[in-house]
Amino acid sequence: MEKIKITLKTFFGLENVLKEELAELGYTSVEIQNRAVQLEGNWKDVYFLNLHVSCAINVLVELKKFRINEEKDLYKECMKIKWNKLFDASKTFAIRGSVHSRLFSHSQYPFLLVKDAIVDTFSNEENTRPDVNTKSPQVAFDLYIKENFVTISLNTSGVPLFQRGYRTETGDAPLNEVLAAGMIRLSGWNRKSTFVDPFCGSGTLLIEAAFLAAGIPSNIERQHYAFKNFNNFDVALWEEIYSAANKRCNELDFEIIGSDKEPEMIVKARRNLRGLPILKLISFKTASFDELTKPEKGGVLICNPPYGERIGDRVEELYGYLGDWFKKEMKGFDCWVISSNEEALKNIGLKPDKKIKLFNGDLECSFRKYRIFEGSRKDFVISQNKLN
Ligand SMILES: C[S@@+](CC[C@H](N)C(=O)[O-])C[C@H]1O[C@@H](n2cnc3c(N)ncnc32)[C@H](O)[C@@H]1O
């Protein structure tokens, strides 16, 4: 099969866990880039990666790389691409990407030039034209310009891969699925111990954790992939890859536990799980976090409490109680909190063992680990002294 350059885009801070995930899937020659990783492969890999990778936003296949000296060079170079060989005029398309170049005074202009080249190619060659659909295109292209250097890629995912196809219900501030999957990997959870989210909202972290523990791709429910709409789509190859993916879920010998103080959120989380093979792995409870008692076996807690973004929201106290509850109830656990609220995080009153910068949408956040020792820290020092 023809060798192609594959780029998987991700969020800031998830590059290393994406590389780690690819290594687990058998891809060892992977180069880390800014918010992306790159590897060589073939179209079989493209189908496989779209289905199996949980920490990527989309999978791109490089089409053409070139240098430009002025705006109009972009159109000229794009007119050399045989767009009408790539897809059919009956399909809608979109161009997304990023431009960091002083050659263009309007940020949207380069996208317009590529669109014009696509439409003009079809009208010259076939006397027809495909329509643009920016929201849910059938085929998608990625344009990346850094100063004079242009890369055009096929976006083989189309709609971003965090649209897994399982989430129909969300609360006010749901976590992005790719971010949630990345946070679980960053936490180092071993997929064999208890997993808790006491602010679970619509259940994103729990659902991603359950898919990971069960070894089922979290995109198993997703139907849309832009690669299905390109002319080279190989149905038989895709069916082979999809049918080889694990869809069966064995019982786990540890718990995945979610709770939220709002009953409505628990209803939503349960609805999101409907029909998923991991349905039975997660147990839910309506409760404020401080009503929960320590699970039988130790493990990892990850939570995304309110950040206090809305005027009048007071979350500093909540974070203070959360720190107290960690110390009292979660001994033996690694407790991770993501928040954009630096002041509230300080109120947790524990020294973080790790701080990782991440972005939740546009909000810069800190993802912090608090290791809660079995005894209190005082007991720990005493027992250490006894040993000496
Ligand atoms: C930012 S949202 C979590 C979103 C969730 N990660 C998701 O992906 O849907 C915060 C959640 O904390 C819940 N919450 C607020 N105070 C709480 C408390 N004291 N105990 C438990 N849950 C609480 C809210 O009801 C809300 O669902």
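Which strands does helix 7 (residues 204-214) lie across? The points below take the two sheets in turn and come back to this helix at the end.

1. The model is predicted. One of its sheets is open and built from seven strands with mixed pairing, in the order 2-3-1-4-7-6-5. Strand 2 (31-33) and strand 5 (93-100) are the edge strands, each pairing on one side only. On average, and with direction ignored, neighbouring strands here are turned by 30 degrees against each other.

2. At one edge of this sheet, strand 5 runs parallel to strand 6 (residues 139-146), and eight bridges join the pair. Within strand 6, Ala140 stands opposite Ala94.

3. Helix 1 (residues 15-24) lies across strand 1 (4-9), strand 2 and strand 3 (36-41). The angle between helix 1 and strand 3 is about 25 degrees.

4. Another open sheet of seven strands follows the order 10-9-8-11-12-14-13, and its pairing is mixed. Its edge strands, each pairing on one side only, are strand 10 (282-286) and strand 13 (354-360). Neighbouring strands in this sheet are turned by 20 degrees against each other on average, direction ignored.

5. Strand 8 (residues 194-197) and strand 11 (residues 299-303) run parallel and are joined by three bridges. Val196 has Leu301 of strand 11 as its bridge partner.

6. As for the opening question, helix 7 lies across strand 8, strand 9 (256-260), strand 10 and strand 11. Helix 7 runs at about 175 degrees to strand 9. Of the strands it lies across, strand 10 is an edge strand of the sheet.

Definitions and conventions. Residues are numbered from 1 along each chain as its sequence is written. This is a predicted model: local features need pLDDT of at least 70, side-chain atom pairs count only at pLDDT 80 or more; totals for chains, interfaces and linings use all residues. Two strands pair if DSSP finds at least two bridges between them. Helices (H or I, at least four residues) and strands (E, at least two) are DSSP runs, numbered from the N terminus. Axes are lines fitted to C-alpha atoms, for helices over the stretch in contact, and angles run from 0 to 180 degrees between N-to-C directions. Two residues are in contact if their C-beta atoms, placed from the backbone, lie within 7 Å.
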